[in-house]
Amino acid sequence: MTRVRFAPSPTGMFHVGGARSALFNWAIAEQSGGTFVLRIEDTDAARNRPEWTEGIISALAWIGINGDSPHFEGPYFQSAYEQQHRDAATKLLKDGRAYHCTCTRDDVKARTGSEHQGYDGHCRDRGLTEGAVRFRTPDEGVTVVDDKVRGRVEFPNAAMEDFVIVRGDGSPLFILANVVDDMEMRISQVVRAEEHLSNTPKQQLLWKALGAEPPVWAHVPVIVNEKRQKLSKRRDKVALESYRDEGYLAEAMVNYLMLLGWGPGDDREIMPWSEMRPLFRLEDVNQAPAFFDEKKLRAFNGEYIRALPRAVFAARCEPWLDPSWDRSVFDRVADLVQTRVAVLSEVTANVDFLFLDEPVFDQASWDKAMKPGAAEILAGYAERLETVSWDPDSLKTALEEVGLAHGLKLGKAQAPVRVAITGRTVGLPLFESIEVLGRERSLDRVRAALAKLA
């Protein structure tokens with residue numbers, strides 16, 4: 001049975017690149033009827049905070065990877081396997097595949113005359129019984145990594161130094177722990193970011209030295225920003241949680257992340273998970289860096305929002321609606337809102353004017369709309385609002401007539417009215433908004449804007 005693993009380290013945020021790798025693994029697990037193993041790499045004490053681990057689990061659950069599925073297993077914690085890591089090191093020492101070393105970096109530099117030179121094998125045959133533990137790499141030949149994405153990759157053994165697997169204080173290094181954990185959990189396939197490719201020949205040598213066949217490897221392309229720089233949490237918006245909290249839909253995020261480096265082979269881009277999953281193949285993943293385009297993600301999200309059933313859309317909006325707001329009023333404009341927002345956090349600014357005693361004026365919008373002649377338009381429209389039939393078409397016709405009397409087309413005439421009613425120059429359709437707001441409140445706002453102008 002295929003067993004894939006996703007092994008993040010708690011860092012306080014869940015990187016979108018990690019989410020993409022998790023989804024690729026999840027697709028493989030579901031396709032094959034296999035298992036997705038979640039393992040938390042928690043041996044770094046500074047990062048071992050329960051809330052960060054919970055953040056990983058919560059972020060994965062948001063994109064549909066959780067214990068509700070029979071394909072999910074875990075979470076396991078690397079720290080729980082420390083004895084197995086130590087036992088593996090002892091076996092390698094006993095078999096002559098590793099040795100103790102007391103050399104410092106300065107010692108190596110003094111012998112080689114270069115701070116860039118790798119370890120020179122000085123302690124290989126000294127028979128030491130203490131110090132760090134180094135793995136003895138082959139002196140000749142190549143280590144071949146057959147990668148599902150990269151193809152055949154050869155690493156000359158002569159260029160690979162004897163690397164440390166246990167520190168001088170006896171604590172195993174990640175490279176050994178990672179291999180032992182994968183062996184313990186019977187991992188058959190490893191899908192991860194390409195920056196780990198350089199570690200793969202070392203891990204493959206460890207697998208074989210410990211008497212097991214290495215897993216199938218696949219190293220997926222790095223994700224870059226618009227400047228083709230690798231996404232960085234110090235510079236870029238990379239936390240999956242930030243997109244969730246901004247009002248992106250999980251299904252849109254899943255769709256977009258799956259297309260970073262892979263495509264279904266046709267012109268479709270908007271595809272639900274149920275259609276993408278059976279089409280996904282590691283062999284079809286591109287080797288070139290994948291561009292994370294937030295504008296395109298926004299467009300995807302807008303498509304998904306517009307496709308939601310109306311009741312589902314209203315329910316998804318709840319976190320962005322004040323508890324005191326009358327939901328029957330929101331229901332009257334929900335259809336209009338749904339066609340205009342790209343992320344759910346934009347819902348608030350589109351509808352708050354309906355629930356406030358007076359609109360919150362955006363100063364730039366006020367300055368743009370309240371130009372000479374605005375007072376005349378507002379005064380004329382206020383007069384018409386007192387008696388006009390209260391429906392969008394009649395409200396529109398009334399403003400058209402006021403504008404015509406002052407030599408203005410509707411587009412120009414409605415600008416000051418929109419700002420008076422909503423506080424902004426953009427938003428929901430004006431006349432439907434006025435209808436929902438009601439005659440008395442609409443009149444109050446137009447008159448208040450007149451007073452403010454005066």
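**A bent helix in a spread-out protein**

Helix α17 doesn't run straight: there is a bend of about 30° at Pro 416. This comes from a predicted model. The helix covers residues 410-422, and at 1.5 Å a residue its 13 residues should span 18 Å; the end C-alpha atoms turn out to be 17 Å apart, which agrees. Right after α17 comes Gly 423, with a positive phi of about 90°.

What does α17 pack against? Its buried residues lie against α14 (363-369), α15 (374-385), α16 (392-405), α18 (430-437) and α19 (439-453). Pro 416, where the helix bends, is itself buried, and so is the whole run from Val 417 through Arg 418, Val 419, Ala 420 and Ile 421 to Thr 422. Leu 410 and Ala 413 are buried too.

Zooming out, the protein has 19 helices and 12 strands. Its radius of gyration is 31 Å, well over the 22 Å that the globule rule gives for 454 residues, so the protein is more spread out than a compact globule. The C-alpha trace spans about 100 × 50 × 40 Å along its principal axes. Still, 49% of the residues count as buried. Looking at contacts between residues at least 6 apart in sequence, 74% link residues at least 24 apart.

Aromatic rings also turn up in pairs, 13 of them across the whole structure. One aromatic cluster brings together Phe 6, Phe 14, Trp 26, Phe 36 and Phe 72. Some rings have a charge for company: the charged end of Arg 228 sits over the ring of Phe 291, 4.7 Å from its centre, while that of Lys 452 sits over the ring of Trp 366, 5.0 Å from its centre.

Conventions: Residues numbered from 1 in each chain as written. Predicted model: local features only at pLDDT ≥ 70, side-chain atom pairs only at ≥ 80, totals over all residues. Heavy atoms only, no water. Helix = DSSP H or I, 4+ residues; strand = E, 2+ residues; numbered from the N terminus. Expected span 1.5 Å × (residues − 1). Bend = angle between axes of the 7 residues up to and from the residue. Buried < 20%, exposed > 50% of the residue type's maximum accessible area, 1.4 Å probe, protein only. Contact = heavy atoms within 4.5 Å. Phe/Tyr/Trp six-rings, centres within 6.5 Å; stacked < 30°, edge-to-face > 60°. Lys NZ or Arg CZ within 6 Å of the ring centre and 35° of its normal. Rg over C-alpha atoms; globule rule 2.2 N^0.38 Å.
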